[in-house]
Amino acid sequence: VVNSAYGFAEFSWRDAIFLNLTGRNDWSSTLPAANRSYFYPSVGLTAIISELVTLPAIITHLKIRGSYAIVGNDTSPYQLARTATVGTGGIITLSNVLPNADLKPESTKSIETGLDLRLLEDRIRLGITWYRTNTYDQLFATPVPATSGVASIYQNGADIQNKGIELTIGAAAIATSNFEWDIDLNWSTNNSKILEIAE
């Protein structure tokens, strides 16, 4: 069971600068009491430069943006204590995953910046986005020697990072009163790396 409280606020100035704030707190029954409550916020800022200053006539629209966000995540049920099942003939079998009574919630921290540019009365469009995401305290089962009596132990671990760039280019190749033809190209790259792993 997850109970949540969520709040958000939006601010704008001169219809050109926009600030968005959010905050959420979750309470999860699948985590130990000490770590059951976890808070994760986000903030986003957008500025339409073309509405704030006079730009060369070739530039129709220029916007820059940035955001930072944290997302929390709990685990599946029955990971805090070892479970047992009763089979045929009353045989009791223990689960082969050793639980962890000190589990913490996962957290993913993301940062993103970008630029949107339109030229020549929107006939040419350019978008650039850069992002980086790190996932901490990822929850997973780690294999252990069979002589321990279990197959794996459930624990927090790892710092996995994803970062990359996305580029979009668009153009109105033909634009008449009866016919329009737009061309859009998209290129992106993503680099995923394990920065830290549980023992």
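User: Why is aspartate 184 called exposed?

Analyst: Aspartate 184 has a relative accessibility of 54%, and a residue counts as exposed when its relative accessible area is over 50%, as buried when it is under 20%, and as partly exposed in between (1.4 Å probe, protein chains only). Since 54% lies over the upper limit, aspartate 184 counts as exposed. The structure is a predicted model, in which local features need pLDDT of at least 70 and side-chain atom pairs count only at pLDDT 80 or more, while totals for chains, interfaces and linings use all residues. Residues are numbered from 1 along each chain as its sequence is written, and side-chain values use heavy atoms, with hydrogens and water left out.

User: What makes the contact between aspartate 184 and arginine 125 a salt bridge?

Analyst: The term asks for a side-chain nitrogen of Lys or Arg within 4 Å of a carboxyl oxygen of Asp or Glu, and the side chains of aspartate 184 and arginine 125 meet at 3.2 Å, N to O. Aspartate 184 belongs to strand E11 (residues 180-196) and arginine 125 to strand E9, so this pair ties together parts that are 59 residues apart in sequence. The strand names come from DSSP runs numbered from the N terminus (helices, H or I, need at least four residues and strands, E, at least two). Arginine 125 is partly exposed, because its relative accessible area is 21%.

User: How many salt bridges does this rule give in the whole model?

Analyst: The count comes to eight. One of them joins glutamate 112 and arginine 65, at 3.6 Å from N to O. Glutamate 112 sits in strand E8 (residues 106-119) and arginine 65 in strand E4 (residues 59-73), so the two ends of this bridge are 47 residues apart in sequence. Both ends fall into the middle class of accessibility: glutamate 112 is partly exposed at 34%, and arginine 65 is partly exposed at 24%. Another bridge links arginine 118 with aspartate 122 at 2.9 Å, N to O; here arginine 118 is partly exposed at 30%, and aspartate 122 is partly exposed at 32%.

User: How do you know that threonine 135 is buried, and which residue does its side chain meet in a polar contact?

Analyst: Threonine 135, which is placed in strand E9 (residues 124-143), has a relative accessibility of 15%, and because this value is under the lower limit, the residue counts as buried. Its side chain is joined to that of threonine 108 over 3.3 Å, which fits the rule for a polar contact (a pair of N or O atoms within 3.5 Å; within protein, one must be able to donate a hydrogen and the other to accept it, and residues adjacent in sequence count only if both atoms are side-chain atoms). Neighbours within four places in sequence aside, threonine 135 is in contact (heavy atoms within 4.5 Å) with Ser107, Thr108, Ala158, Asp159 and Ile160.

User: Why is the pair of tyrosine 38 and tyrosine 40 called stacked?

Analyst: The structure holds two aromatic pairs. In the one formed by tyrosine 38 and tyrosine 40, the ring centres are 6.1 Å apart and the planes stand at 20°, so the pair is stacked. The rule pairs rings of Phe, Tyr and Trp (its six-membered ring) whose centres lie within 6.5 Å, and it calls planes under 30 degrees apart stacked, over 60 edge-to-face and the rest tilted. Both tyrosine 38 and tyrosine 40 are buried.

User: Which residues make up the largest nonpolar core?

Analyst: This core has seven residues in all, namely Leu31, Tyr38, Tyr40, Ile70, Leu103, Leu139 and Tyr154. A nonpolar core is a set of buried Ala, Val, Leu, Ile, Met, Phe, Trp, Tyr and Cys residues joined through side-chain atoms within 4.5 Å. Residues up to four places away in sequence aside, tyrosine 154 touches ten residues that include Leu103 and Leu139.

User: What makes E1 and E2 a strand pair?

Analyst: Two strands pair if DSSP finds at least two bridges between them, and E1 (residues 2-13) and E2 (residues 17-28) run antiparallel over 12 bridges. Together they form a hairpin with three residues between them, and arginine 14 in the turn has a positive phi of about 55°.
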